[in-house]
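The text below is a walk through one structure for a reader who has not seen it before. Please look over the sequence and the model, then read on.

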Amino acid sequence: MYIAEIRIENFRLFGSGDRAFVLTLNPGLTALVGENDAGKTAIVDALRLVLGTRDQDVLRVDPVDFHQVAPAAERADQIMIQLTFRGLTTADRGAFLEFLTYERTTVGVETILIITWVAKRNVTERSSRRVLPPEWRSGAKGDGPMLDLGTRSLL
């Protein structure tokens, strides 16, 4: 299984709609190359937020991670990161059975796994928590079953 597409909305320099970041990937090695402040670190951090990390480093969402169109503008209310996995093996399909999406193609039906990670700003006044706990959901529209920690660890 491999990450076939990354979609990032309202995270750091990436906006939403036509300003969202979308990257299509192929199986194999991928390298991110670009100028300074082009968003390479934001892409890697987005992947780490969704997939977790095996080191002792804890990555937390901060209010400044929410996209801001202009310096005086209000920050976005939520960040959405969506990963689409393709090339699932039989073992992968068994491990993620309840979270799979079936996509019709020209040659039949392809089994894919779509994970949507969403973090929302806490706009409640007088709250010490500035960002609400994120959710990991499955499905093409991010409205499928939530992934628990055990399932996420299989990614």
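**Pockets, salt bridges and surface**

Helix 1 (40-51), strand 5 and helix 3 (149-153) each contribute at least two residues to the lining of the largest pocket. The model is a predicted one. The space in this largest pocket comes to about 530 Å³. Its lining is made of 22 residues, and those closest to the centre are Leu49, Gly52, Leu59, Trp136 and Arg152. Sorted by class, the lining of the largest pocket holds 15 nonpolar, three polar and four charged residues. Empty space of this kind shows up when a probe the size of a water molecule is rolled over the atoms.

The second largest pocket has a volume of about 170 Å³. Around it stand Thr116, Val118, Lys120, Leu132, Pro133, Pro134, Glu135, Arg137, Lys141 and Gly142. Strand 5 and strand 6 (135-138) each give at least two residues to this lining. Strand 5 gives the most, with three residues. The lining of the second largest pocket consists of four nonpolar, two polar and four charged residues. Strand 5 therefore has a part in both pockets, since it supplies at least two residues to the lining of the largest pocket and three to that of the second largest pocket, and a strand here is a DSSP run of at least two residues.

The next topic is the charged side chains. Across the whole structure, ten salt bridges are found. One of them joins the side chains of aspartate 65 and arginine 12, with 2.9 Å from N to O. Why does this pair tie together parts that are 53 residues apart in sequence? Aspartate 65 sits in the loop between helix 1 and strand 3 (78-86), while arginine 12 sits in the loop between strand 1 (2-9) and strand 2 (21-24), so the salt bridge links those two parts. Is aspartate 65 buried or exposed? Aspartate 65 has a relative accessible area of 8% and is buried, because buried means under 20%. Arginine 12, at 27%, is partly exposed. The two residues also belong to a wider group: Arg12, Asp45, Arg48 and Asp65 are linked in a network of salt bridges.

Arginine 86 is a second place to look, as its side chain takes part in salt bridges with glutamate 103 and with glutamate 110. The side chains of glutamate 103 and arginine 86 meet at 2.9 Å, N to O. Glutamate 103 belongs to strand 4 (residues 100-105) and arginine 86 to strand 3, so this pair ties together parts 17 residues apart in sequence. For arginine 86 and glutamate 110 the N to O distance is 2.8 Å. Here strand 3, with arginine 86, is tied to strand 5, with glutamate 110, and the parts are 24 residues apart in sequence. Arginine 86 itself counts as buried, at 18% relative accessibility. Its partners are partly exposed: glutamate 103 has a relative accessible area of 29%, and glutamate 110 has one of 26%.

Strand 5 also reaches the surface. Valine 109 lies in this strand, which runs over residues 108-120. Is valine 109 buried or exposed? Its relative accessibility is 52%, and because exposed means over 50%, valine 109 counts as exposed. Together with Leu97 and Tyr102, Val109 forms a nonpolar patch on the surface, and the three have about 330 Å² of accessible area together.

Two pairs of residues give a sense of distance in the model. Arginine 130 lies in the loop between strand 5 and strand 6, and it is exposed, with a relative accessible area of 53%. Between the C-alpha atoms of arginine 130 and alanine 4 there are 32 Å, and the two residues are 126 residues apart along the chain. Leucine 25 is in the loop between strand 2 and helix 1. Unlike arginine 130, which is exposed, leucine 25 is buried, with a relative accessible area of 14%. Leucine 25 and asparagine 122 are 97 residues apart in sequence, and from C-alpha to C-alpha they are 33 Å apart in space.

Terms used
Residues are numbered from 1 along each chain as its sequence is written. This is a predicted model: local features need pLDDT of at least 70, side-chain atom pairs count only at pLDDT 80 or more; totals for chains, interfaces and linings use all residues. Side-chain values use heavy atoms; hydrogens and water are left out. Patches are made of residues with over 30% relative accessible area and no salt bridge: like charges are joined within 9 Å, nonpolar side chains (Val, Leu, Ile, Met, Phe, Trp, Tyr) within 5 Å. Accessible areas come from the Shrake-Rupley method with a 1.4 Å probe; for residues, only the protein chains shown count as cover. A salt bridge is a side-chain nitrogen of Lys or Arg within 4 Å of a carboxyl oxygen of Asp or Glu. Helices (H or I, at least four residues) and strands (E, at least two) are DSSP runs, numbered from the N terminus. Buried means under 20% relative accessible area, exposed over 50%, partly exposed in between (1.4 Å probe, protein chains only). On a 1 Å grid over the protein atoms alone, a cavity is a set of points where a 1.4 Å probe fits but cannot get out, and a pocket is an open set with protein on both sides within 12 Å along at least five of seven lines; lining residues have an atom within 4 Å of a point. Grid points are joined across faces, edges and corners, and a volume is the space filled by probe spheres set on the points. Ala, Val, Leu, Ile, Met, Phe, Trp, Tyr, Cys and Pro count as nonpolar, Asp, Glu, Lys and Arg as charged, and the others, Gly among them, as polar.
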